[in-house]
Amino acid sequence: MKKKHVGCLVKLDPEYRQICFKIPTSSFFCSFIRCFRRTCFTVKLIKTLTCRMEYFPDSNAKYKDVNYWNERYRTEESFEWFGDFTKFKHLLKQHVGTEENILMLGCGNSALSYDMYQAGYTSITNVDYSSVCVESMAERHKDCAQLSWLCMDARRLAFPDGVFDVVLEKGTLDAMLVEESDPWKVSENAARLLHQVLLEDH
């Protein structure tokens, strides 16, 4: 019996060296593809983690230290805690009106505010207690009039009552609670801190 030759087209992604296959379907080659896909995913994940390792603090307590964040923001371009805009778009669309005044608490260098602006949200005030972060983000988005950037501590906000319709935070409270052993049973000090922040946002 004459053997059947099966061709394989390999394409390399220049950024991740990801291998893409275009081959006929067969059990052997499907298994081959799955194996390479897992390998490519692992390589991509390792590359991402390696790039982030330089920003990992030697202690979780550093996440509460403004000096840590200032140093980090001097070199880090952007980072999304818990996911980007696409992960929360359906919730924002359901609960937040595009004309509402929004306070982004602990904005960091996330692209969330800019992505919301692109999606039609017209008034977003971004605050962070890292001056390096605020200056960098203000310069980056200087052409977006609907986005404002202020250096301010979430525990001591300098806004009159009732200014904002919506307050958003993505990881800010988590950074304040990094030394808690159980996020569902916080200490009295942590409870007081959360109460203080929530009163500031009221």
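How do the residues of the lining of the largest pocket divide into nonpolar, polar and charged? Keep that question in mind while opening this predicted model, and begin by selecting the pocket itself, which has a volume of about 650 Å³. Its lining is made up of 34 residues, and to find the centre you can select Tyr63, Trp69, Gly171, Thr172 and Ala175, which lie nearest to it. By class, the lining of this largest pocket holds 19 nonpolar, 8 polar and 7 charged residues. The elements that each give two or more residues to the lining are α2, β3, α4, β4 and α6 (172-176), and the largest share, 4 residues, comes from α6.

Next, select Glu169, Leu173, Asp174, Leu177, Glu180, Pro183 and Trp184, the residues that line the second largest pocket. This pocket encloses about 160 Å³ of space, and its lining has 4 nonpolar and 3 charged residues but no polar ones.

From the pockets, turn to the interior. The largest nonpolar core has 24 residues, and those touching the most other members are Leu92, Ile102, Met104, Met116, Tyr121, Ile124 and Leu168. Two or more residues of this core come from each of α2, α3 (85-95), β3 (102-105), α4 (112-118), α5, β5 and β6 (166-169), with the largest share, 4 residues, provided by α5. If you centre the view on Met116 and leave aside its neighbours within four places in sequence, you will find Met116 in contact with Phe85, Leu92, Ile102, Met104, Tyr121, Ile124 and Leu168. Another core lies apart from the largest one and has 10 residues, among them Val127, Ala154, Leu173 and Val197.

Now select α5, where Val132, Cys133, Val134 and Met137 are buried; the buried residues of this helix pack against α2 (66-73), β4 (124-128) and β5. Continue into the loop between α5 (131-140) and β5 (147-151), where His141 has its place. His141 counts as buried, at 9% relative accessibility, and, not counting residues up to four places away in sequence, it touches Tyr114, Leu147 and Trp149.

The last stop is the cysteines. Why is Cys133 not bonded to Cys107? The sulfur of Cys133 is 4.5 Å from that of Cys107, the closest cysteine sulfur, and this is too far for a bond, because a disulfide requires the two sulfur atoms to be within 2.5 Å. Cys151 is in no disulfide either, since the nearest cysteine sulfur, that of Cys133, is 8.7 Å away. The two residues also differ in exposure: Cys133 is buried, with a relative accessible area of 2%, whereas Cys151 is partly exposed, at 44%.

Key
Residues are numbered from 1 along each chain as its sequence is written. This is a predicted model: local features need pLDDT of at least 70, side-chain atom pairs count only at pLDDT 80 or more; totals for chains, interfaces and linings use all residues. Side-chain values use heavy atoms; hydrogens and water are left out. Buried means under 20% relative accessible area, exposed over 50%, partly exposed in between (1.4 Å probe, protein chains only). Contact means heavy atoms within 4.5 Å. A nonpolar core is a set of buried Ala, Val, Leu, Ile, Met, Phe, Trp, Tyr and Cys residues joined through side-chain atoms within 4.5 Å. On a 1 Å grid over the protein atoms alone, a cavity is a set of points where a 1.4 Å probe fits but cannot get out, and a pocket is an open set with protein on both sides within 12 Å along at least five of seven lines; lining residues have an atom within 4 Å of a point. Grid points are joined across faces, edges and corners, and a volume is the space filled by probe spheres set on the points. Ala, Val, Leu, Ile, Met, Phe, Trp, Tyr, Cys and Pro count as nonpolar, Asp, Glu, Lys and Arg as charged, and the others, Gly among them, as polar.
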